[in-house]
Amino acid sequence: MTPPGPEPKFLADSMLGKLARWLVLLGYDARYAHGAGVADLELLEAAHREGRVFLTRDTKIPAVAGLRMIVVRGQRFEDQLKQVQRELDLKPDRKRLFTRCTYCNIALEELPRAAALPLVPPLVRELQTPFFRCGSCKRMYWSGTHTDRTIKRLEKLGL
Ligand SMILES: [Zn+2]
């Protein structure tokens, strides 16, 4: 058995924002090009420089030596996610779920309960869950029905 390599990082083109957010949710470092107007070749270069797998819907992109690229075919993000998982043989680790901000793609920091409570809605304060905050956009994260739903969806996908 080969030891697991470092986890792949991703750069997705602007057509694949939803896919990128789901990869972030799974704990992967996945950046995506916001908005149109960023030339695909620029993205390619950035992916190459940062050692990221380039995810694109553009079938005309030339192959670049040393760059791992996946031309994503499915329309539904579920199919897209499955394709990426299959091609890279990803084995998402449940412990890494919800460890990054899905808006900023940076690692969340855990907040002490006392510091977190004033920052979340009243009903959420009743939950016995650790609280996390994104240091960039200050969004709060916690475990609740939304995370349960997400986990169910991922389980249905076999992830
Ligand atoms: Zn954020």
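Four strands form an open sheet in the order β2-β1-β3-β4, and their pairing is parallel. β2 and β4 (69–71) are the edge strands, each pairing on one side only. From one strand to the next, the twist averages 20°. Please keep in mind as you read that this is a predicted model.

Let's look inside that sheet for a moment. β1 and β3 run parallel and are joined by three bridges. If you would like a residue pair to find on screen, try L11, whose bridge partner in β3 is F54.

## A second sheet

There is another open sheet, this one with three strands in the order β5-β6-β7 and antiparallel pairing. Its edge strands are β5 (109–111) and β7 (140–142), and each of them pairs on one side only. Here the twist averages 40° from one strand to the next. Three bridges join β6 to β7, and these two strands run antiparallel. F132 stands opposite Y141 in β7.

The two sheets can be set side by side:

| Strand order | Pairing | Average twist |
|---|---|---|
| β2-β1-β3-β4 | parallel | 20° |
| β5-β6-β7 | antiparallel | 40° |

## The chain as a whole

Stepping back, the protein chain holds six helices and seven strands. Along the sequence they follow the pattern β-α-β-α-β-β-α-β-α-α-β-β-α. The chain is divided into domain 1 (10–96) and domain 2 (109–156). The centres of domain 1 and domain 2, taken over C-alpha atoms, are separated by 27 Å.

Along its principal axes, the C-alpha trace spans about 55 × 35 × 30 Å. Of the 159 residues in the chain, 24% count as buried. Among contacts between residues at least 6 apart in sequence, 48% join residues at least 24 apart.

## The largest nonpolar core

Which residues touch the most other members of the largest nonpolar core? They are F10, A12, L19, A20, L23 and L55, out of the 31 residues in this core. Two or more residues come from each of β1, α1 (17–25), β2 (30–32), α2, β3, α3 (77–88) and β6 (131–133). Of these elements, α1 gives the most, with six residues. The core also draws at least three residues from each of domain 1 (10–96) and domain 2 (109–156).

L19 is a good place to start exploring. Leaving out residues up to four places away in sequence, L19 touches A12, L55, V72, F77, Q80 and L81. Two of these contacts, A12 and L55, are themselves listed with L19 among the core residues that touch the most other members.

## Helix α2 and its two sides

Helix α2 covers residues 40–50, and its buried residues are L43, L44 and A47. Seen down the axis of α2, these buried residues fall within an arc of 105°, so they line one face of the helix. L41, E42 and R49 are exposed on the other side of α2.

What covers the buried residues of α2? The cover includes β1 (10–12) and β3 (53–56). Both of these strands also belong to the parallel sheet described at the start, and α2, β1 and β3 each give two or more residues to the largest nonpolar core. After α2 comes G51, whose phi is positive, near 65°.

## Two loop residues

V64 lies in the loop between β3 and β4. Is V64 buried, exposed or partly exposed? V64 counts as partly exposed because it has 14 C-beta neighbours inside 10 Å, while being buried takes 20 or more and being exposed takes 12 or fewer. Not counting residues up to four places away in sequence, V64 touches L44 and H48. L44 is one of the buried residues of α2. For a sense of distance, V64 and A30 are 34 residues apart in sequence and 20 Å apart in space, C-alpha to C-alpha.

P121 has its place in the loop between α4 (113–116) and α5 (122–125). P121 is exposed, with 7 other C-beta atoms within 10 Å. P121 and R139 are 18 residues apart along the chain, and 12 Å separate their C-alpha atoms.

Conventions. Residues numbered from 1 in each chain as written. Predicted model: local features only at pLDDT ≥ 70, side-chain atom pairs only at ≥ 80, totals over all residues. Arc of directions from axis to C-beta. Contact = placed C-beta atoms within 7 Å. Domains from an automatic or database assignment. Core = buried A, V, L, I, M, F, W, Y, C linked by C-beta atoms within 7 Å. Pairing = 2+ DSSP bridges. Axes fitted to C-alpha atoms, helices over the stretch in contact; angles between N-to-C directions.
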